Every structure is written in structure tokens, then in C-alpha cells.
Amino acid sequence: MDNGRSAIKIASVAMDSMHRIGIDLGGTKTEVALLSPDGAVLKRDRRPTPAEQGYEAILDTVTDLVAETVSSLKEDYTIGIGIPGIVDARTELVLNANTTIMIGHPLRKDLEARLKRQIRVQNDANCFALAEAQQGAGRNYGMIFGVIMGTGCGGGIVIDKKLHGGLHGIAGEWGHVSIDPNGPQCWCGNRGCIETFISGGGLQKRFESMYGEKKTVEQIVASARSGAAPEQEFFDRFLEDFGRALGGLISILDPDAIILGGGLSNLVELYEEGRKRTLKYTFHKNAATPILRNELGDSAGVFGAAHLWS
Ligand SMILES: [Zn+2]
């Protein structure tokens with residue numbers, strides 16, 4: 001049964017005349033932004049995500065943030081939420097969330113019952129891609145692939161400003177393509193996923209397992225840039241792995257642009273040498289695919305969530 005469904009407000013007016021609330025429900029913080037119909041940011045707020053206090057506490061936090069955000073708002077509004085996990089497009093249950101307390105819950109339905117209106121929930125990498133396509137580095141391109149390279153590797157596909165979620169909601173999850181059956185164990189259950197080779201978390205683990213020394217990505221990169229061994233060779237291999245992974249992706253999707261986000265997107269090498277290696281592995285020897293730095297930074301999550309109703 002759809003408890004409380006009858007009380008849920010169904011938005012019926014044109015979406016582009018609505019105010020939009022975007023919520024980035026991250027592992028450590030929950031952030032909200034209120035956008036006017038023309039996209040101006042009217043309000044922003046954030047608070048810690050009470051992941052240790054359980055699922056209900058997370059629902060309470062989102063409900064409170066929305067109540068505070070709309071307390072003086074007279075106009076109608078939509079709500080979109082980005083989460084660090086996948087919403088199974090068929091069962092609507094949360095899968096593979098790094099805020100593990102949310103796994104297996106029907107987050108959308110639970111929040112709709114509390115907020116008394118329809119909401120949309122999406123993976124945070126999809127929100128990143130959507131925000132960059134709508135108002136960031138991808139705004140002048142038709143199809144973009146948004147890549148997140150942080151602790152893990154996420155991604156999202158946006159075609160003509162609309163998100164492509166896929167049959168199961170996993171479209172764009174390039175980080176979990178296995179490229180080496182003998183590679184490192186990935187948390188997803190497979191071995192040798194792209195994420196284990198080129199994410200921040202993967203690089204740190206690999207460096208330690210190869211050289212027996214714990215180093216942050218920043219330390220590895222700084223040493224590599226100064227020509228130190230073995231970091232230089234390790235970093236060169238990272239660029240090659242990055243190129244192989246993205247080159248294969250271009251051969252499948254052939255997007256108009258790739259936009260990089262997450263902590264590793266600050267590495268200038270990715271846009272020159274990394275792009276060269278990428279094009280080497282693309283099934284077109286003179287591919288022109290731009291690899292662009294994101295423009296919205298950490299704000300892409302909340303903006304993308306707000307744009308889920310665009
Ligand atoms: Zn994996």
C-alpha cells in the first residue's frame with residue numbers, strides 16, 4: 001500500500017515556473033539550496049548527516065531542512081535529492097550507498113510520506129552531471145558524460161539536458177567496469193574495477209600495496225611532479241589507466257564532452273597528458289572529445305538535485 005499517497009501533492013503547473021529545492025544528502029553533511037524559477041540561489045543551508053543515529057534521523061534531518069527552507073516561501077516548489085548511492089529504478093530501494101544505513105530503504109516513498117509531496121531522488125554523480133549540463137561546463141553541449149573522481153569513481157550521462165538513468169538506474173557507473181580479473185578487490189564484489197585503479201581511494205591503496213608505504217594522493221602527486229621514484233612511474237601508470245578507462249567510455253558513448261569532478265579533477269595533468277592518453281585508446285584516431293574541468297565545484301550536488309525537476 002502507498003501509505004499517505006492520497007495526501008501527496010502532485011505538481012501540476014509548469015515546472016519552469018516553480019521554485020526548486022535541491023538537497024545533497026552526503027555521507028557527512030546534508031546541504032540544501034533553494035532556487036528561484038530563473039535559477040537564482042535564494043537560500044542555502046547545511047548540517048551534519050546523522051548517519052550514526054539511524055535511518056529515521058536522516059529522514060528527520062531532511063524534513064527539518066525543507067521546513068526551514070520553505071518557512072517564508074509563498075510560492076510552490078519542487079524537491080530533488082541527491083544521495084551517495086543508487087536508487088534501483090525498478091524496486092526504488094537504495095542500493096550501494098556509502099551511507100550504508102540507507103541501503104534497502106524506499107527513501108523516496110518515505111520522504112514523500114513525510115513531506116506530503118512528490119520528490120525525485122538520484123545518485124549524486126548523476127546530480128553532478130545534470131548540474132554541469134544545465135548551468136556549468138557542459139551547458140553548450142548536447143550529450144555530456146560527467147565523471148566524479150574522488151574517493152571512488154562515479155559518473156552520469158546527460159543527453160540534451162536530461163538525465164539518462166537506465167533500466168536499473170546504474171547508467172554511467174563506469175567506475176565498476178572490471179578491467180583486470182586479477183586486480184584489487186572492489187567493495188562492489190568484483191575485482192579490478194576501474195575505481196580500484198584510478199580513484200583517490202584506489203590510488204592510495206595501490207601505492208601502499210606496491211611499495212609498502214602509506215601516502216596520500218597529494219603526497220604521491222607532489223613527489224611525481226618533482227621527478228621522484230617510484231612516484232613518477234606510479235603517476236604515469238595512473239594517467240595511462242585513466243586514458244584507457246575514458247577512451248573505452250568514449251568509444252561506447254561518444255559524448256560531446258566529458259566533465260571531470262571530484263578531488264582528482266584538480267590534477268592539471270588530466271586535461272593535457274591524460275587527454276592525450278585517452279584519445280590514444282579511443283576508437284577514432286583523431287577524436288576531438290573535450291575533457292573539461294567542472295565549473296560548479298562542490299555546489300554541483302545541490303544544484304543538480306534541484307534540476308531533477310527541470
Ligand atoms: Zn567495483
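## Overall fold and backbone oddities

In this predicted model, 60% of the contacts in the chain with a separation of 6 or more are between residues 24 or more positions apart. The chain holds nine helices and 12 strands. Its radius of gyration is 20 Å, close to the 19 Å that the globule rule gives for 310 residues, so the chain is as compact as a globular protein of that length. If you want a feel for its extent, the C-alpha trace spans about 60 × 40 × 35 Å along the principal axes. Of the 310 residues, 43% are buried.

Now for a few spots in the backbone that deserve a look. Most residues other than glycine have a negative phi, and most peptide bonds are trans. Two residues here have a positive phi although neither is a glycine: Glu 92 and Asp 254.

| Residue | Phi | C-beta neighbours within 10 Å |
|---|---|---|
| Glu 92 | about 70° | 14 |
| Asp 254 | about 45° | 14 |

You can find Glu 92 in the loop between strand 5 (86-87) and strand 6 (94-95). Asp 254 lies in the loop between helix 7 and strand 11 (257-261). Are these residues buried or exposed? Glu 92 has 14 C-beta neighbours inside 10 Å, so it counts as partly exposed. Asp 254 is also partly exposed, because 14 other C-beta atoms lie within 10 Å.

The peptide bond between Ala 229 and Pro 230 is cis, with an omega of about 5°. To locate Pro 230, go to the loop between helix 6 (217-225) and helix 7 (231-253).

Note on methods. Residues numbered from 1 in each chain as written. Predicted model: local features only at pLDDT ≥ 70, side-chain atom pairs only at ≥ 80, totals over all residues. Helix = DSSP H or I, 4+ residues; strand = E, 2+ residues; numbered from the N terminus. Buried ≥ 20, exposed ≤ 12 C-beta atoms within 10 Å, placed from the backbone. Rg over C-alpha atoms; globule rule 2.2 N^0.38 Å. Contact = placed C-beta atoms within 7 Å.
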